[in-house]
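Let's go through how the labels on this model are earned. Each one gets checked against its cut-off.

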Amino acid sequence: MSGSSNVAAMKKVVQQLRLEASVTRVKVSQAAADLKQFCLQNAQHDPLLTGLSSSTNPFRPQKVCSFL
């Protein structure tokens, strides 16, 4: 029984290796340039760079209501 499960496991490994070998690769320098371009194009929509208005900020401190 262990021989057939070992063969099945090896077939899965070979299938995964074939899948990974068929993936097209991109050079790191090209990926970095693409990432930089994407960040620069979308910088105006990034709330970490532009900030949020207090009315649309879901994390603003809640107002405390107290009764005297």
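Q: What makes up the chain, in helices and strands?
A: The chain has three helices and zero strands, in the order α-α-α from the N terminus on. Helices are DSSP runs of H or I with at least four residues, strands are E runs of at least two, and both are numbered from the N terminus.

Q: Why is the chain called more spread out than a compact globule?
A: Its radius of gyration is 26 Å, well over the 11 Å that the globule rule gives for 68 residues, so the label follows. The radius is taken over C-alpha atoms, and the rule is 2.2 Å times the number of residues to the power 0.38. Along the principal axes, the C-alpha atoms fill a box of roughly 80 × 40 × 10 Å.

Q: Why does Val-13 count as partly exposed?
A: Val-13 has 41% relative accessibility, and partly exposed is what sits between buried (under 20%) and exposed (over 50%), with a 1.4 Å probe and protein chains only. Val-13 lies in helix α1 (residues 2-21). Of the 68 residues of the chain, 1% count as buried.

Q: How do you know which helix has the highest confidence?
A: By mean pLDDT, the predictor's confidence in each residue from 0 to 100: helix α2 (residues 28-41) is highest at 96, and helix α3 (residues 47-50) lowest at 83. The chain averages 87, with 97% of its residues at 70 or more.

This is a predicted model: local features need pLDDT of at least 70, side-chain atom pairs count only at pLDDT 80 or more, and totals for chains, interfaces and linings use all residues. Residues are numbered from 1 along each chain as its sequence is written, and side-chain values use heavy atoms, leaving out hydrogens and water.
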